[in-house]
Amino acid sequence: MEIELFGFEFGKKKTEKQDRQQKTLQSFTAPEVYDGTVTVEAGGFFGTALDYAASMRDESASVVQYRNMSVYPEIDNAVDEIVNASIVLGTDRKPLKIDLSSLPVSDVIKNKIYKEFENTLHLIDFNNKAYEIFRRWYIDSKIYYNVVIDKDLPTEGIKELIPVDPLKIKKIRKIKKEMERVEGQSISLIKEIEEYYLYTNTDKESYMMTGPGGLNLSVDSIIYVPSGIIDLNTKRVLGYLHKAIRPLNMLRQLEDALLVYRIARAPERRVFYVDVGQLPKQKAEQYMRDMMSRFRNRVIYNQATGEVRDERNHLSVLEDYWLPRREGSRGTEISTLPGGQAMSQIEDVDYFRKKLYNALNVPISRLTSESTGFNMGRSVEITREEVKFYKFIDRIRHHFSKLFLDILRVQLLLKGVVTEDDWREIRGDIKFIFNTDNYFWDLKESEILAERLKMLSFVDPYIGKYFSTEYVRKHVLRQTENDFKEMDKQMEVDRARMQQEQLALMAQQQAQMTQEQNQEKAQ
């Protein structure tokens, strides 16, 4: 086992055989990684240089945009709904538990893993800050933690996990190639793949400011968990809020346009048709201005102080319309121009709001006040949107649980509980169980079991005549081979216990009969 943290290496070194095997296993292309890593290729006849700072700026701009979106009321309500459904505190105030029932190791190793998992939760204070941590990961689309250990005593495990701002760190992968002759052809083969994290902090007010080149950190010194959504064209990590950008912008523009229309069309306006007779154009305009000034000025007399004050109402003149009329037409007239007539029609706003909710994967009934509430009847009465929402929650929980898997790996390797090879074999059997506060899956499983038992009661009279026991267990009860073995063991234990209970009951009855016979003989 070899681990490098901040350039500090401990554990066994690679043997010459492993180095030779690594050199022989060469390829012309590197395996794809879908975690937002920036790949830099160099070597061969031409060296390739990539400005990964531009990629960092693009992803940083996306993270900033996601954060700005999260303060919008509709987005904030949807994110709260998702986080509340994902993080549920149980009666023991622990939102997450680990399941090692399928792990093929001894109970001693399991107990150590359970203990280190509790230490892992304590390091990030997950039992108290689960909501904040999950919300930050969901909005930013990624989360980073810096692993701090004691270099003198690495076997004591992780001392501290420090969160790192995603705007300042990026994972880099350098691929070094060399040209070689293979079967008479020149092929660029991969010689070395180097991965590290680049930390850049140019903030002058920060206590740890780096240069433009940044600070290189080893892979094991950083815990990195992306959202799991990758743009295959740019290989960038996308957030769960990314597809809501366009509906949100359209909703904002429509709400602004509706507000401007309502303000501009809300008041009623007066229309003044002023008779100017046969006055020339200039005198007619002057007459119009005099009339406007007369209505604009309003003399106010204060009886308490005896003050005469001239109030000017500019707004009324701006809202009114003044139109001249020549002689021969109707005289001076004042009419009223009605305000906007379509003030209550906001179908377009409702349409884009529903589109925004659909982009956030949240059922509309959860976010609108017109909904009648959640129906806790049969599971068949639960809407399709709710079922889809539950599956979405399970999917993002699965991606988020990688955080604890990576932290647990570093902790177990540091303390020598498992080796790197052992970890690769057992990591697939480690499961994380999140608490839940909805009864949908319980209702669904109970109804499925009830229907199977109902079908079993119909088939039971024909077992041994038309159906075999194995067929019924496999196709009616849908039991797997592991279920067969487990159920057979449990039924064997039940039969043995029932036999013991029957023997004990028979012995008790026999003793009671003997006691009664002895009493009769004594009489």
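Here are some questions and answers about this predicted model.

Q: How many helices and strands does the secondary structure of the chain come to?
A: Let's start with the chain as a whole. It has 523 residues, and 33% of them count as buried. Its secondary structure amounts to 16 helices and 18 strands.

Q: What part of the contacts with a separation of 6 or more comes from residues 24 or more positions apart?
A: The contacts counted here have a separation of 6 or more along the chain. Within that set, the share from residues 24 or more positions apart is 68%.

Q: What distance does helix α4 reach from its first C-alpha to its last?
A: Helix α4 covers residues 107-123, which makes 17 residues. At 1.5 Å a residue the expected span is 24 Å, and the helix comes close to that. From first C-alpha to last, α4 reaches 24 Å.

Q: Within what arc do the buried residues of α4 fall?
A: The buried residues of α4 are Ile109, Lys110, Ile113, Glu116, Phe117, Thr120 and Leu121. An α-helix has 3.6 residues a turn, so residues three or four places apart point the same way. Seen down the axis of α4, the buried residues line one face of the helix, because they fall within an arc of 145°.

Q: Which exposed residues does the face of α4 turned away from its buried side carry?
A: The buried side of α4 has a cover that includes β4 (96-99), α5 (126-140), α12 (402-414) and β18 (431-434). The face turned away from that side carries the exposed residues Asp107, Val108, Asn111, Lys115 and His122.

Q: Is Asp125 buried or partly exposed?
A: Asp125 sits in the loop between α4 and α5. This residue has a positive phi of about 55° although it is not a glycine. Buried would need a relative accessible area under 20%. At 27% relative accessibility, Asp125 is therefore partly exposed.

Q: Where is Arg478 found?
A: Most residues other than glycine have a negative phi. Arg478 is not a glycine, yet its phi is positive, at about 55°. Arg478 is exposed, with a relative accessible area of 55%. Its place is the loop between α15 (469-476) and α16 (481-522).

Q: Within what arc do the buried residues of α3 fall?
A: Helix α3 (residues 73-86) has 14 residues that should span 20 Å, and its end C-alpha atoms are indeed 20 Å apart. Its buried residues are Glu74, Ile75, Ala78, Val79, Ile82, Val83, Ala85 and Ser86. They line one face of α3, because seen down the helix axis they fall within an arc of 165°.

Q: What kind of aromatic pair do Tyr144 and Tyr197 form?
A: The count of aromatic pairs in the model is 18. In the pair of Tyr144 and Tyr197, the centres lie 6.3 Å apart with 85° between the planes. It links strand β5 (residues 142-149) to strand β8 (residues 185-199), across 53 residues, and both tyrosines are buried. With planes over 60 degrees apart, the pair is edge-to-face.

Q: What kind of aromatic pair do Tyr462 and Tyr466 form?
A: Tyr462 is partly exposed at 41% relative accessible area, while Tyr466 counts as exposed at 57%. Their rings are 5.9 Å centre to centre, with 50° between the planes. That angle makes the pair tilted.

Q: Which element gives the largest share of the lining of the second largest cavity?
A: The structure holds two cavities of 30 Å³ or more, and the second largest has a volume of about 30 Å³. Its lining consists of Glu59, Ser62, Val63, Tyr66, Asp140, Ser141, Lys142, Arg236 and Val237. The elements that give two or more residues are α2 (52-70) and β12 (236-238). The largest share, four residues, comes from α2.

Q: Which element gives the largest share of the lining of the second largest pocket?
A: The second largest pocket holds about 390 Å³ of space. Of its 16 lining residues, the closest to the centre are Arg397, His398, His399, Ser401 and Lys402. At least two residues of the lining come from each of α11 (384-400), α12 and β18. The largest share, four residues, is supplied by α11.

Conventions. Residues are numbered from 1 along each chain as its sequence is written. This is a predicted model: local features need pLDDT of at least 70, side-chain atom pairs count only at pLDDT 80 or more; totals for chains, interfaces and linings use all residues. Side-chain values use heavy atoms; hydrogens and water are left out. The expected span of a helix is 1.5 Å times one less than its number of residues. Buried means under 20% relative accessible area, exposed over 50%, partly exposed in between (1.4 Å probe, protein chains only). The arc is that of the directions from the helix axis to the C-beta atoms. Contact means heavy atoms within 4.5 Å. Rings of Phe, Tyr and Trp (its six-membered ring) pair if their centres lie within 6.5 Å; planes under 30 degrees apart count as stacked, over 60 as edge-to-face and the rest as tilted. On a 1 Å grid over the protein atoms alone, a cavity is a set of points where a 1.4 Å probe fits but cannot get out, and a pocket is an open set with protein on both sides within 12 Å along at least five of seven lines; lining residues have an atom within 4 Å of a point. Grid points are joined across faces, edges and corners, and a volume is the space filled by probe spheres set on the points.
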